[in-house]
Amino acid sequence: MKYHIHILITMILTSCFFNDLKAGNDRPKAIEVEISAGFSLAPKAEAGMHVMAEARWNLPGCRFDIGLQAANGGIFFKERQEDVKFNLIASVFADYNFRTSGKLTPFAGLGAGYFMAESAILLQDSPSSATIHGPAITPRIGIELLHHLRITAHYRLTLKQDMSHWGISLGW
């Protein structure tokens with residue numbers, strides 16, 4: 001695992017060294033903050049809402065940014081009659097911005113973090129609830145419009161329990 005992290009860091013630094021960004025009015029700000037809301041979808045589940053806040057640092061002179069995200073939301077699994085409320089999902093993200101000039105900036109990224117949720121099984125004969133938590137990995141893609149509006153699609157893979165879900169959000 002350590003070997004993979006070293007390779008990833010080397011790739012990012014190499015990209016920053018050899019990939020000089022165009023200077024001018026379209027240069028991204030050093031720090032960006034985003035508030036977003038959207039929907040979460042899972043197999044055999046009803047769509048749920050989620051809200052997120054993220055702070056990103058655009059690495060100087062390259063197309064990568066590093067961010068810290070906090071999210072909150074919920075999903076109702078119809079088949080299991082289980083209501084899951086994600087109280088907190090905290091993740092660190094790294095994104096690659098395919099271009100940084102112009103009005104459209106497509107990006108792809110990967111996040112790793114930890115989730116805490118409350119699960120309530122709503123069976124009439126024996127209702128129960130539990131607190132669940134565990135690691136999560138989140139690949140994402142999206143597009144930033146006019147350096148302000150972001151449309152993002154992600155898949156949050158929870159490595160503990162069966163809480164993995166798709167999401168789409170609109171952020172400012």
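N58 is found in strand β3, and that's where we'll start. Quick ground rules: this is a predicted model, where local features need pLDDT of at least 70, side-chain atom pairs count only at pLDDT 80 or more, and totals for chains, interfaces and linings use all residues. Residues are numbered from 1 along each chain as its sequence is written, and side-chain values use heavy atoms, with hydrogens and water left out.

**Exercise 1. Work out whether N58 is buried or exposed, and what it is in contact with.**

Solution.
- Step 1: Place it. Strand β3 covers residues 48-58. Strands here are DSSP runs of E with at least two residues, numbered from the N terminus.
- Step 2: Check the accessibility. Buried means under 20% relative accessible area, exposed means over 50%, and partly exposed is in between (1.4 Å probe, protein chains only). N58 has 8%, so it's buried.
- Step 3: List the company. Contact means heavy atoms within 4.5 Å. Not counting neighbours within four places in sequence, N58 touches P28, K29, A30, E32, F64, D65 and N97.
- Step 4: Look at K29 again. Its backbone oxygen lies 2.5 Å from a polar atom of the N58 side chain.

**Exercise 2. Find which residues are linked in a network of salt bridges, and look at two of the pairs.**

Solution.
- Step 1: Know the rule. A salt bridge is a side-chain nitrogen of Lys or Arg within 4 Å of a carboxyl oxygen of Asp or Glu. Side chains of opposite charge can pair when their charged atoms come close.
- Step 2: Get the total. There are 11 salt bridges in the structure.
- Step 3: Name the network. Its members are E32, E34, E54, R56, D95, R140, E144 and R150.
- Step 4: Take E32 and R56, whose side chains meet at 3.4 Å, N to O. E32 belongs to strand β1 and R56 to strand β3, 24 residues apart. Both E32 and R56 are buried.
- Step 5: Take D95 and R140, which meet at 2.6 Å, N to O. D95 is in strand β5 (residues 82-97) and R140 in strand β7, so this pair ties together parts 45 residues apart in sequence. D95 is buried, at 0% relative accessible area, and R140 is buried too, at 5%.
- Step 6: For another salt bridge, see K85 and D83, with the closest N and O atoms 2.5 Å apart. K85 has a relative accessible area of 45%, so it counts as partly exposed.

**Exercise 3. Identify which residues have the most contacts inside the largest nonpolar core, and which strands supply it.**

Solution.
- Step 1: Set the terms. A nonpolar core is a set of buried Ala, Val, Leu, Ile, Met, Phe, Trp, Tyr and Cys residues joined through side-chain atoms within 4.5 Å.
- Step 2: Read off the core. The largest has 14 residues, and I75, F77, V84, F86, F115, A117 and M163 have the most contacts inside it.
- Step 3: Trace the strands. β4 (64-77), β5, β6 (104-121) and β7 each supply at least two residues of this core.
- Step 4: Zoom in on F115. Beyond neighbours within four places in sequence, its contacts include F86, L88, I132, P135 and M163.
- Step 5: Now try M116, also found in strand β6. M116 is partly exposed because its relative accessible area is 37%. Leaving out neighbours within four places, M116 is in contact with K85, F86, N87, L88, I132 and H133.

**Exercise 4. Say which strands pair with β9 and which residues stand on its covered face.**

Solution.
- Step 1: Two strands pair if DSSP finds at least two bridges between them.
- Step 2: β1 and β9 pair antiparallel over six bridges, with L41 opposite W166.
- Step 3: β8 and β9 are also antiparallel, joined by seven bridges, with A153 opposite I168.
- Step 4: On β9 (residues 165-171), H165, G167, S169 and G171 make the covered face, while W166, I168 and L170 make the uncovered one.

**Exercise 5. Find where K44 and L146 lie, given their positive phi.**

Solution.
- Step 1: Most residues other than glycine have a negative phi.
- Step 2: K44 has a positive phi of about 55 degrees and sits in the loop between β1 (31-41) and β2 (45-46). At 55% relative accessibility, K44 is exposed.
- Step 3: L146 also has a positive phi, near 55 degrees, and sits in the loop between β7 (128-145) and β8 (149-158). At 53%, L146 counts as exposed.

Terms used: Helix = DSSP H or I, 4+ residues; strand = E, 2+ residues; numbered from the N terminus. Polar contact = N/O pair within 3.5 Å; in protein donor to acceptor, adjacent residues only side chain to side chain.
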